[in-house]
Amino acid sequence: MLGLIQQSGKKLSASETQIAERLELHAVDRVELYEDLVPALLALQAMNTKLIIASSLSTAAVRRFLERFSLADFFCAVWTRDNAGGVKTVPIAKAIENASLLPQKVMTLVDTVDGMQAAKEAGTNSILMINDYDQGRRLAMHAPAGGIVSLQELPDAIRLVAESVK
């Protein structure tokens, strides 16, 4: 769907937006939170890491996810396809611009080839979340800056990548 939105080069119509949001909200209502997410976010908070959401999902879907799991307080900003004005690289670029960050000092958590490509196009370092061994092996061939198999590893991965980009 994101590829089609990006290729069209135009905004979704009102009815297309409603359909997309309905599908996204349905998916958010079915998702389960990784049990290691909150401890990882707390560790990143303790490191004074600026946490920003940059997503190609709608604002309604991201808001529902954050509210459902009480996660909003961990993030200083949220960029979606709605407020960024596009998908894939656009929300990442808007987040970087709005936070006055240097792209090469930004770590982007990704789990797909499209996510790694968007991070690369935005000039950020991709941290690959490996959800499946075989998929992780294929994705690792796209040269992420780092990879993790558990969100508990994210603070250490960020420390390691931060040291390598100094």
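In what sense do strand 3 and strand 4 pair, and over how many bridges? They pair in the parallel sense, over four bridges. Strand 3 covers residues 107-110, and strand 4 covers residues 125-129.

Before going on, the ground rules. This is a predicted model, in which local features need pLDDT of at least 70 and side-chain atom pairs count only at pLDDT 80 or more, while totals for chains, interfaces and linings use all residues. Residues are numbered from 1 along each chain as its sequence is written, and side-chain values use heavy atoms, with hydrogens and water left out. Strands (E, at least two residues) and helices (H or I, at least four) are DSSP runs numbered from the N terminus. Two strands count as paired if DSSP finds at least two bridges between them.

Now the register between strands 3 and 4. Methionine 107 stands opposite asparagine 125, threonine 108 opposite serine 126, and valine 110 has leucine 128 as its bridge partner. From strand 3 the chain passes through helix 7, residues 113-122, to reach strand 4, and this β-α-β crossover is right-handed. Right-handed here means that, with the strands pointing away from the viewer, the path from the first strand over the helix to the second runs clockwise.

On the other side, strand 4 runs parallel to strand 5, residues 146-148, and three bridges join them. Leucine 128 stands opposite glycine 147 there. Between these two strands the chain goes through helix 8, residues 133-140, and that β-α-β crossover is right-handed as well.

Taken together, three strands form an open sheet in the order 3-4-5, with parallel pairing. Strands 3 and 5 are the edges, each pairing on one side only. The twist averages 25 degrees from one strand to the next, with axes fitted to C-alpha atoms (for helices over the stretch in contact) and angles running from 0 to 180 degrees between N-to-C directions.

Last, burial. Buried is under 20% relative accessible area, exposed over 50%, and partly exposed in between, with a 1.4 Å probe and protein chains only. In a regular strand, side chains alternate between the two faces of the sheet. In strand 3, Thr108 and Val110 point to one face and are buried, whereas Met107 and Leu109 point to the other and are not. In strand 4, both faces are covered: Asn125, Ile127 and Met129 are buried on one side, Ser126 and Leu128 on the other.
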